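Biologist: I should be grateful for a close look at one loop of this model and at the interior beside the strands that flank it. Please state the criteria behind each term as you proceed.

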Amino acid sequence: MANVNTTIDIKTLKALILFAGHKDIRFYMNGLHIEQGANGTLAVATNGHAMAVARIDSDCYAPATMIVHRQYIDAIKTKYAVTFAQNDDATVSIQTADSKIAVPLIDKRFPDWRRVVSDKQTGERGYFHPDYAALVEKAGQIINKQNFPYLIQQNGNSVGYCSLGDNVHAYVAPIRSHYMESVLDSPTFA
């Protein structure tokens, strides 16, 4: 089995980790999943309700994956890119311009995030939890340093989509419409 070795821009890294779980019982979701394969390097973070996916590069690699706990990524203090190098002893070396540390990997399988990604967006009305819409907004502002709205494309009862840049994409699970039926009509005084 090959080992992951990649460098991720700090803005992309900080935006992605916003989507990772916080003290989730499914501890493998409390980190950043990095995978390499024939289609390049991808980094994915999800809390089970919102997910961000970034294409880091499009080079061809032997298949390899790893999950780095968010506590180590949150602790990174740099303005530059960060290199992750998976070691044979179930650790990953995290290197910045100023430091290098080796930390343990999360030893579990990450969820099949590709099942969530839909090629087809219907535009059918959907509803999203405001916290997850704000998460998408904050990630977009980190990546692009611009303060304009990042709109989640509606997809009915399926996952909504938002592009945060050329290589970073967000997906948000909707609030199911059967919860929203009572608020679909406008008030009579309007």
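Modeller: Ala90 is found in the loop that joins strand 6 (82-86) to strand 7 (91-95); strands are DSSP runs of E of at least two residues, numbered from the N terminus. The model is predicted, so that local features need pLDDT of at least 70 and side-chain atom pairs count only at pLDDT 80 or more, while totals for chains, interfaces and linings use all residues. Residues are numbered from 1 along each chain as its sequence is written, and side-chain values use heavy atoms, with hydrogens and water left out.

The phi of Ala90 is near 65°, a positive value in a residue other than glycine. Most residues other than glycine have a negative phi.

Turning to the interior, Phe84 is in contact (heavy atoms within 4.5 Å) with residues beyond four places in sequence that include Val4, Ile8, Leu13, Ile34, Met66, Val92 and Ile94. Phe84 is also one of the members of the largest nonpolar core that touch the most other members, along with Leu13, Phe19, Leu32, Val136 and Leu164. That core has 41 residues. A nonpolar core is a set of buried Ala, Val, Leu, Ile, Met, Phe, Trp, Tyr and Cys residues joined through side-chain atoms within 4.5 Å, where buried means under 20% relative accessible area with a 1.4 Å probe and protein chains only. Another core, of ten residues, lies apart from the largest one and has Val44, Val53, Val159 and Tyr171 among its members.

Definitions and conventions. Helices (H or I, at least four residues) and strands (E, at least two) are DSSP runs, numbered from the N terminus. Buried means under 20% relative accessible area, exposed over 50%, partly exposed in between (1.4 Å probe, protein chains only).
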